[in-house]
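Dear colleague,

Please find the structure below, handed over for your records. A summary of what was found in it follows.

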Amino acid sequence: MKLTTERLILIPPDISFSEDVYTYSGNPLFYSLIGAKKPESIAQSQKFVEMLIDDNKSKKRCYWMIAHRTENKVIGTIGLIFAKQSYIEIGYGLSADFWGQGLFSEAAKAVLDYADKTLTIKELFVRTRADNIRSVKAAEKIGFKVIKQYPGFYFQNGQYFDCIEMKRVVEK
Ligand SMILES: CC(C)(COP(=O)(O)OP(=O)(O)OC[C@H]1O[C@@H](n2cnc3c(N)ncnc32)[C@H](O)[C@@H]1OP(=O)(O)O)[C@@H](O)C(=O)NCCC(=O)NCCS
């Protein structure tokens with residue numbers, strides 16, 4: 001299903017936008033703090049999109065591509081990750097060309113609104129690298145609060161990194 005906001009349309013993952021994903025995922029600003037690597041080819045980004053499609057089908061995720069209405073392209077992905085029945089995370093990534101414009105908040109609010117309407121669960125979580133300050137601040141802006149820090153939680157590219165866990169509770 002599509003979600004529409006002022007500047008964005010959140011659309012189901014679609015492989016025809018794999019080149020857009022490849023373009024923004026190749027920016028070190030985008031991939032360095034999430035422990036990813038520069039995609040080697042459009043085919044690799046297509047595999048990522050196919051994984052999102054499969055995960056949506058098997059209900060491991062409920063994920064969207066973030067399409068910019070006037071730029072006419074996909075500029076990120078966002079959605080819910082059903083890690084366990086009682087532990088639902090929100091995951092996100094936005095092209096660095098579009099940071100600092102409030103687009104993340106705009107997309108995230110649409111997803112949170114959808115989650116609040118469709119899920120019975122009250123709590124949602126974010127887990128992010130502690131040194132990904134932009135991600136922590138962005139999650140705070142949409143109502144998440146830091147609850148815990150896990151030292152050395154991530155092992156990425158030969159190094160350990162702390163994880164910050166954040167939570168948002170909705171009264172139902
Ligand atoms: C996380 C992400 C979606 C946020 O998007 P964004 O457009 O940068 O978000 P916003 O501009 O709404 O918020 C970022 C906030 O961090 C602040 N910030 C950025 N760098 C900072 C720093 N070094 N120290 C303190 N605050 C900082 C910004 O000032 C802004 O807050 P403000 O609006 O109050 O000024 C984007 O950075 C992203 O896609 N990153 C790569 C993928 C990623 O890290 N995903 C998370 C995986 S868990």
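The model is a predicted one. I begin with the strands at the start of the chain and then turn to the ligand.

Strand 1, residues 3–4, and strand 2 pair in the antiparallel sense, with 2 bridges between them. Together strand 1 and strand 2 make a hairpin, in which 3 residues separate the two. Within this pairing, Thr-4 is placed opposite Ile-9 of strand 2.

Strand 2 also pairs with strand 3 (residues 61–68), again in the antiparallel sense, over 4 bridges. Here Ile-11 has Met-65 of strand 3 opposite to it.

The side chains of strand 2, which covers residues 8–11, alternate along its length. Leu-8 and Leu-10 point to one face and are buried. Ile-9 and Ile-11 point to the other face and are not buried. Thus the residue opposite Thr-4, namely Ile-9, and the residue opposite Met-65, namely Ile-11, both belong to the face that is not buried.

As regards the ligand, 19 residues surround it, and those that come nearest are Trp-99, Phe-104, Thr-128, Lys-137 and Ala-138. Three elements are listed as giving two or more residues to this shell: strand 5 (87–94), helix 4 (103–118) and helix 5 (133–141). Helix 5 supplies the largest share, with 6 residues. Sorted by class, the shell comprises 9 nonpolar, 7 polar and 3 charged residues.

Yours sincerely,

A colleague

Note on methods: Residues numbered from 1 in each chain as written. Predicted model: local features only at pLDDT ≥ 70, side-chain atom pairs only at ≥ 80, totals over all residues. Near = placed C-beta within 6 Å. Nonpolar A, V, L, I, M, F, W, Y, C, P; charged D, E, K, R; others polar. Buried ≥ 20, exposed ≤ 12 C-beta atoms within 10 Å, placed from the backbone. Pairing = 2+ DSSP bridges.
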